[in-house]
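Welcome, and thanks for taking a look at this one with me. Below are some numbered points to read alongside the model.

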Amino acid sequence: MKFGTKVIHAGVHPDPSTGAVMTPIYQTSTYAQEAPGQHQGYEYARTQNPTRTALQNNLAALENGKRAICFASGMSAMDAVCRLLNAGDEVIATNDLYGGSYRLITKVYERFGLKGHFIDLTRPENVLEKLNDRTRLIWIETPTNPMLKLVDIEAICRLVADREVLVCVDNTFASPYLQNPLDLGADLAMHSATKYLGGHSDVVMGVVVAADDAVAESLYFLQNAVGAVPGPQDCFLMLRGIKTLHLRMQRACENARSIVDFLSKHPKVGKVYYPGLPTHPGHELARRQMRDFGAMISFDLVDDSMEKARQVLSGTELFLLAESLGGVESLIGHPASMTHASIPRADRLKVGLTDSLIRLSVGIEDADDLIADLGSALDRV
Ligand SMILES: *Cc1c(COP(=O)(O)O)cnc(C)c1O
């Protein structure tokens, strides 16, 4: 099955009790048994829920994995992956990492004896500097936030292929429409399904897809044992959102291309960061590793000041000033004062995250309206 068919059909079947085409919201906490231990595969809703089962089977197919395990948020999905490790184990992660992922490793798991190393993975060989007998997990994010750097998944997997190291890719920014980490050798693909998978800014959820049955089984154990499960209503909304993933991504990528074209020529705009630009250092890798270049764009202003950036951020009407990404509506954000405010300015500048850097999550509106909106905000600066 091809991707556009899978989003609609994989894992979902007409409901056996009524023939309902859409998987019902099984809003129940428990299931009647005919005799003790004699049931239809469903005992208690933390352990199994049919709406969640359909969603998990769908997501496993989208990421070409064996099984998918859903969690109450992207962070609880990552938490489950961390719980596969033991005290004394070490994690190597991208240094340009989602803030919550950095926080989970350093503020929660380091208290339980895990050790995190945060390094520049845009050069895969950098892994070797921190790799040792205690390394159990490599955590990759690509494209990264907000600098949209590319990390070579296949090259990193090759470097650790003969070791007992799990490679997990946070695939949130790409979505399975653009990139399938398991096909490139990763063991796990993780998503904040809150973003592109859900796509309508109305659900918080996470998922981990495993390439291997044994790892999947351990994650299933943790899903039930720890209990951070998503509710059936949210699973229904996620299944519904995913049905248009391919159409939304296609349109969002097209819009992003038009906006990058506009920004690149604008006299007030400084650098534009987008993997689709031939001048982007990860462009060739993006062509190999992704099917298109995504809908996240960062840019800064020629006149690099916090104040000027704030004027642009307050000046758009269609682009809403908000955290998050991946919804049908376009969002605008200011990493230096929002998502990355906790990083010291000198460190931010080292990676190119200037005071005026602006991040766009391009939605699926009409590109002309989005460009006009950005244009008038830039004109007023
Ligand atoms: C949002 C996000 C997360 C966290 O997911 P939640 O659903 O908010 O818990 C993790 N990684 C990336 C890249 C994200 O954008």
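1. How do the residues of the lining of the second largest cavity divide into nonpolar, polar and charged? The split is six nonpolar, three polar and one charged. This cavity encloses about 50 Å³ of space. Its lining is made up of Tyr-196, Arg-248, Met-249, Ala-252, Gly-326, Gly-327, Val-328, Val-362, Gly-363 and Ile-364.

2. Before going further, a word on confidence. Please keep in mind that this is a predicted model. The average pLDDT over the protein chain is 96, and 100% of the residues score at least 70. Within the chain, α13 has the lowest confidence, with a mean of 86, while strand β7 (residues 206-210) has the highest, at 99. As a general habit, predicted coordinates should not be read in detail where pLDDT is low.

3. Back to the enclosed spaces. Searching the whole structure turns up four cavities of 30 Å³ or more. The largest cavity holds about 90 Å³. Its lining counts 13 residues, and those nearest the centre are Ala-322, Gly-333, His-334, Thr-339 and Arg-359. Two strands, β11 (331-333) and β12 (358-361), each provide at least two lining residues. The biggest contribution comes from β11, with three residues. By class, the lining has five nonpolar, six polar and two charged residues.

4. Now for the open spaces. The largest pocket has a volume of about 810 Å³. It is lined by 30 residues, and Leu-97, Tyr-98, Gly-99, His-340 and Ile-343 are the closest to its centre. Domain 1 (3-242) and domain 2 (245-379) each give at least three residues to this lining, so do look at both when you trace the pocket wall.

5. Which helix gives the most to the lining of the largest pocket? That is α4, with six residues. Both α4 (99-108) and α13 (345-350) supply at least two lining residues each. Here the confidence point returns, as α13 is the element with the lowest mean pLDDT, 86. In terms of class, the lining of the largest pocket has eleven nonpolar, ten polar and nine charged residues.

6. The second largest pocket has a volume of about 430 Å³. Among its 16 lining residues, Asp-15, Pro-16, Tyr-26, Tyr-42 and Pro-50 are the closest to the centre. The lining has eight nonpolar, seven polar and one charged residues.

7. Tyr-42 deserves another look for its ring. The chain has four aromatic pairs, and one of them joins Tyr-31 and Tyr-42: the ring centres are 5.5 Å apart and the planes meet at 45 degrees, so the pair is tilted. Both residues sit in the loop between α1 (3-9) and α2 (50-62), eleven residues apart. Is Tyr-31 buried or exposed? Tyr-31 counts as buried because its relative accessibility is 16%, whereas Tyr-42 counts as partly exposed, at 22%.

8. Two cis peptide bonds are worth finding in the backbone. One joins Thr-142 and Pro-143, with omega at about -10 degrees. Another joins Asn-145 and Pro-146, with omega at about 0 degrees. Pro-143 lies in the loop between β4 (135-141) and α6 (153-159), and Pro-146 is found in the loop between β4 and α6 too.

9. What is notable about phi at Asn-64? Asn-64 has a positive phi of about 50 degrees although it is not a glycine. Asn-64 sits in the loop between α2 and β1 (67-71), and its relative accessibility of 34% makes it partly exposed. Ser-324 also has a positive phi, near 80 degrees, and is a residue other than glycine. Ser-324 belongs to the loop between β10 (320-321) and β11 and is partly exposed, with a relative accessible area of 30%.

10. One last residue to visit is Arg-288, in helix α11 (residues 283-289). Arg-288 counts as exposed, at 60% relative accessibility. From Arg-288 to Gln-179 there are 109 residues in sequence, yet the two are 9.9 Å apart in space, C-alpha to C-alpha.

How values were computed: Residues numbered from 1 in each chain as written. Predicted model: local features only at pLDDT ≥ 70, side-chain atom pairs only at ≥ 80, totals over all residues. Heavy atoms only, no water. Phe/Tyr/Trp six-rings, centres within 6.5 Å; stacked < 30°, edge-to-face > 60°. Helix = DSSP H or I, 4+ residues; strand = E, 2+ residues; numbered from the N terminus. Buried < 20%, exposed > 50% of the residue type's maximum accessible area, 1.4 Å probe, protein only. 1 Å grid on protein atoms, 1.4 Å probe; cavity = no way out; pocket = protein on both sides within 12 Å on 5 of 7 lines; lining within 4 Å. Points joined across faces, edges and corners; volume = space filled by probe spheres on them. Nonpolar A, V, L, I, M, F, W, Y, C, P; charged D, E, K, R; others polar. Domains from an automatic or database assignment. pLDDT = per-residue confidence, 0-100.
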